[in-house]
Amino acid sequence: MTYENFINDLSDCREEHIGSFIESHILRPLPFVFEGNRNAYRSFKRRLAKDLHIKPRSIYFVGSSATGFSFHKEGKIFDEDSDIDIAIIDSKNRFLEFGI
């Protein structure tokens, strides 16, 4: 999905559906950084979860590594100079953010 398509879809989204829009377009899609390789994504999450003693579902990719474009840099495309932002929200409601 391009930045322009995302903005158009968001503009078309009705207010009562914004939660599901965020879930499906930002928090839960296959992160862009994995280039369509769902097995690599799952493997990465399992390894990271094991190392941090959390569940894989507590790991979220955010920012351009997740979507392929930046929300804060006018749609700048994810590239080799971009970082990978990961948010970890565990069952104890602690929040950590790592830039890898």
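Which residue's side chain meets the side chain of D79 in a salt bridge? Hold on to that one for a moment, and let me show you around first.

Okay, so what we have here is a predicted model. The protein chain has 4 helices and 3 strands. If you walk along the sequence, the order goes α-α-α-β-α-β-β. Of the 100 residues in the chain, 29% are buried. As for the surface, the chain exposes about 7100 Å², and carbon and sulfur atoms supply 51% of that.

Now, how does the chain meet itself? Take the contacts with a separation of 6 or more: residues 24 or more positions apart account for 46% of them.

Let's go inside. The largest nonpolar core has 10 residues, and you can click through them: F34, Y41, L48, A49, I54, I59, F61, A66, I86 and I88. Three elements give two or more residues each to this core, namely α3 (38–52), β1 (59–62) and β2. Which of them gives the most? That's α3, with 3 residues.

Pick out F34 from that core. Ignore its neighbours within four places in sequence, and F34 is in contact with A40, Y41, F44 and F61. Two of those names, Y41 and F61, you've just heard in the core list.

Next stop, strand β2, which covers residues 85–89 and includes I89. Is I89 buried, or partly exposed? Its relative accessibility is 38%, and buried would need under 20%, so I89 counts as partly exposed. Also have a look at K55: it sits 34 residues away from I89 along the chain, and the C-alpha atoms of the two are separated by 9.5 Å.

Right, back to the charges. Side chains of opposite charge can pair when their charged atoms come close. Here the count comes to 2 salt bridges.

One of them joins the side chains of R14 and E16, at 2.3 Å from N to O. E16 has a relative accessible area of 53%, and the cut-off for exposed is over 50%, so E16 is exposed.

And then there's the one I opened with: the partner of D79 is K76, with 3.4 Å from N to O. Where do these two sit, buried or partly exposed? D79 is at 28% relative accessibility, so it counts as partly exposed. K76 is at 35%, so K76 counts as partly exposed too.

That's the tour. Go ahead and find D79 and K76 in the structure above, and look at how their side chains meet.

Technical notes:
Residues numbered from 1 in each chain as written. Predicted model: local features only at pLDDT ≥ 70, side-chain atom pairs only at ≥ 80, totals over all residues. Heavy atoms only, no water. Buried < 20%, exposed > 50% of the residue type's maximum accessible area, 1.4 Å probe, protein only. Contact = heavy atoms within 4.5 Å. Areas by Shrake-Rupley, 256 points an atom, 1.4 Å probe, with all protein chains shown as cover. Core = buried A, V, L, I, M, F, W, Y, C linked by side-chain atoms within 4.5 Å. Salt bridge = Lys/Arg side-chain N within 4 Å of Asp/Glu carboxyl O.
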